[in-house]
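Biologist: I am new to reading protein models and would like a close look at one part of this one. Could you walk me through how the helix at the start of the chain packs against its neighbours?

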Amino acid sequence: MKNIRQKKILELIEKYEIDTQETLIERLMEVGIAVTQTTVSRDIKQLKLVKGLTGRGTYKYVQPTAKNDTQVPVLNSALTDSVKNIEAAGNIVVIKTYPGMANALAVCVDSLEHENIIGSVAGDDTILLVSKTDENAVSLAENLKKVFGE
């Protein structure tokens with residue numbers, strides 16, 4: 001059953017832009033595979049799925065070997081799991097990470113060349129992303145929360 005389920009997961013992420021475990025569970029249910037969040041989480045780790053940028057600027061699960069049309073690096077779980085909190089404050093988005101992780105995460109976020117980010121600064125456990133407007137910062141923070149599963 002596990003092999004069938006994981007094969008179906010790979011088919012689904014190829015066919016649809018699946019960005020959360022909840023969406024993946026729903027898609028699996030639609031094809032007659034009932035699973036728990038714990039099982040899906042384990043499958044994602046075993047399949048080594050990561051989140052990659054779509055052409056619309058959102059993120060979806062992809063296989064790490066999959067070609068990314070935008071040539072933007074995918075985010076691995078070590079980076080996504082390092083995020084503790086994301087919050088907009090004025091035109092700044094503050095990302096709190098575990099100690100020592102902010103710089104690596106900032107490099108990855110910078111490489112996304114997101115239209116709402118005009119600059120960034122990283123310390124040991126904090127990243128400041130500067131946006132043009134307060135509204136852009138709020139939108140960016142919400143988008144990043146989805147990416148990092150916060």
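Modeller: Happy to! Let us begin with what an axis is: a line fitted to C-alpha atoms, taken for a helix over the stretch in contact, and the angle between two axes runs from 0 to 180 degrees between N-to-C directions. Two packed helices are described by the angle between their axes and the distance between the axes. Please keep in mind that this is a predicted model.

With that in hand, look at helix 1 and helix 3, which pack at an angle of about 75° with their axes 11 Å apart. Angles of 65 to 115 degrees count as roughly perpendicular. Helix 1 and helix 3 are therefore roughly perpendicular to each other. On the helix 1 side, the residues that meet helix 3 are Lys2, Arg5, Gln6, Ile9 and Leu10. Their partners in helix 3 are Thr39, Asp43, Gln46 and Leu47. Sorted by class, this contact between helix 1 and helix 3 has three nonpolar, three polar and three charged residues.

One of those partners deserves a pause. Asp43 sits in helix 3, which covers residues 37-47. Is Asp43 buried or exposed? Its relative accessible area is 1%, and buried means under 20%, so Asp43 counts as buried. Leaving aside residues up to four places away in sequence, Asp43 touches Arg5, Gln6 and Ile9. Find those three in helix 1, where they belong to the set that meets helix 3.

Now turn to the other neighbour. Helix 1 (residues 2-15) and helix 2 (residues 21-30) have axes that come within 11 Å and cross at roughly 110°. That makes helix 1 roughly perpendicular to helix 2. The crossing of helix 1 past helix 2 is right-handed. Here Arg5, Lys8, Ile9 and Leu12 of helix 1 meet Leu24, Arg27 and Leu28 of helix 2. By class, the contact of helix 1 with helix 2 has four nonpolar, no polar and three charged residues. Try following Arg5 and Ile9 on your screen: they take part in the contact with helix 2, and they also appear in the contact with helix 3.

Just past helix 3 there is a detail worth finding. Lys48 is in the loop between helix 3 and strand 1, residues 50-53. Its phi is near 60°, a positive value in a residue other than glycine. With a relative accessibility of 58%, Lys48 counts as exposed, whereas Asp43 is buried.

Finally, step back to see where this corner belongs. The protein has six helices and six strands. Along the sequence they follow the pattern α-α-α-β-β-α-β-β-α-β-β-α, and the helices we have been discussing are the three α at its start. Of the 150 residues, 38% count as buried. The accessible surface comes to about 8500 Å², and 50% of that belongs to carbon and sulfur atoms. Among contacts with a separation of 6 or more, 49% are between residues 24 or more positions apart. For a last exercise, visit helix 5 and find Val107. Val107 is exposed, with a relative accessible area of 52%. The C-alpha atoms of Val107 and Ala122 are separated by 8.9 Å, with their positions 15 residues apart along the chain.

Notes. Residues numbered from 1 in each chain as written. Predicted model: local features only at pLDDT ≥ 70, side-chain atom pairs only at ≥ 80, totals over all residues. Heavy atoms only, no water. Helix = DSSP H or I, 4+ residues; strand = E, 2+ residues; numbered from the N terminus. Parallel < 35°, antiparallel > 145°, perpendicular 65-115°, else oblique. Left-handed = near helix turned anticlockwise from the far one by under 90°. Contact = heavy atoms within 4.5 Å. Nonpolar A, V, L, I, M, F, W, Y, C, P; charged D, E, K, R; others polar. Buried < 20%, exposed > 50% of the residue type's maximum accessible area, 1.4 Å probe, protein only. Areas by Shrake-Rupley, 256 points an atom, 1.4 Å probe, with all protein chains shown as cover.
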